[in-house]
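Colleague: Please choose one part of this model and take me through it slowly, in words that a first-year student can follow, beginning with the part itself and then moving outward to what surrounds it.

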Amino acid sequence: MIQIDTDEITFRGEGWHGHCLSEDPKTEFVASMLGLLRDLLSPSMRIRERLSNETPYKWTLENFEDGKWVSENTSGVFFWNRFGKKTEKVYSNEVLPARVVVVEQEGNAHE
């Protein structure tokens, strides 16, 4: 789900949520948000949900970079069962293919 306000955009998925405050210039901000939305619909991003006794307590947005998963943002609840059995689930999309970044010889990258 995406929530758009006058000063921020909030993305939500499972228990995870990320706030993106509006920045100037607006065209770069909108392009960045559309890129994030596009990546969330591809296998290059995923949400890792951590559970304690089958109750979710932490969600991490991860991005696949250079052959490994990198944490982008984490959300969680304040109170959770620290002594329960820990498990995790991973949620990802394959609606769109992952973006391919082409690196030119001068070192400038573009999509």
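Modeller: Two strands are said to pair if DSSP finds at least two bridges between them, and we shall need that idea throughout. Please keep in mind that this is a predicted model.

The part I have chosen is E62, which has its place in strand β5, the stretch of residues 55-65. Is E62 buried or exposed? Its relative accessible area is 7%, and because a residue counts as buried when this value is under 20%, E62 is buried.

What does the side chain of E62 meet there? One polar contact, of 2.6 Å, joins it to the side chain of R46, and another, of 3.0 Å, joins it to the side chain of R48. If we set aside the neighbours within four places in sequence, the residues in contact with E62 include R46 and R48, together with S44, M45, W69, V70, S71 and E72.

To place these contacts, look at the strands on either side of β5. Strand β4, residues 45-52, pairs with β5 in the antiparallel sense over eight bridges, and within this pairing R48 has T60 of β5 as its bridge partner. The two strands form a hairpin with two residues between them, and N53 in the turn has a positive phi of about 55°. Strand β6, residues 68-76, also pairs with β5 in the antiparallel sense over eight bridges, and here L61 has N73 of β6 as its bridge partner. These two strands likewise form a hairpin with two residues between them, where D66 in the turn has a positive phi of about 50°.

One of the residues in contact with E62 leads us further inward. M45, again leaving aside neighbours within four places in sequence, is in contact with E62 and also with residues including L36, L40, L61 and W69. M45 belongs to the largest nonpolar core, which has 12 residues in all, and among its other members are I9, F11, W16, C20, F29 and W59. The elements β2, β3, α1, β4 and β5 each supply at least two residues of this core, with the largest share, four residues, coming from α1. As a general tendency, in soluble globular proteins nonpolar side chains are likely to be buried together.

Following the core from β5 to the other strands that supply it, we come to an open sheet of three strands in the order β1-β2-β3, with antiparallel pairing. Here β1 and β3 stand at the edges, each with a single partner strand, so one side of each is left without a neighbour in the sheet. The twist in this sheet averages 15° from one strand to the next. Six bridges join β2 to β3, and I9 stands opposite C20 in β3; both I9 and C20 are members of the core described above.

Finally, α1 lies across β1, β2 and β3, running at about 5° to β2. G35 is found in this helix, and with a relative accessible area of 10% it is buried. The C-alpha atom of G35 is separated by 9.6 Å from that of R99, although the two residues are 64 residues apart along the chain.

Definitions and conventions
Residues are numbered from 1 along each chain as its sequence is written. This is a predicted model: local features need pLDDT of at least 70, side-chain atom pairs count only at pLDDT 80 or more; totals for chains, interfaces and linings use all residues. Side-chain values use heavy atoms; hydrogens and water are left out. Buried means under 20% relative accessible area, exposed over 50%, partly exposed in between (1.4 Å probe, protein chains only). A polar contact is a pair of N or O atoms within 3.5 Å; within protein, one must be able to donate a hydrogen and the other to accept it, and residues adjacent in sequence count only if both atoms are side-chain atoms. Contact means heavy atoms within 4.5 Å. A nonpolar core is a set of buried Ala, Val, Leu, Ile, Met, Phe, Trp, Tyr and Cys residues joined through side-chain atoms within 4.5 Å. Axes are lines fitted to C-alpha atoms, for helices over the stretch in contact, and angles run from 0 to 180 degrees between N-to-C directions.
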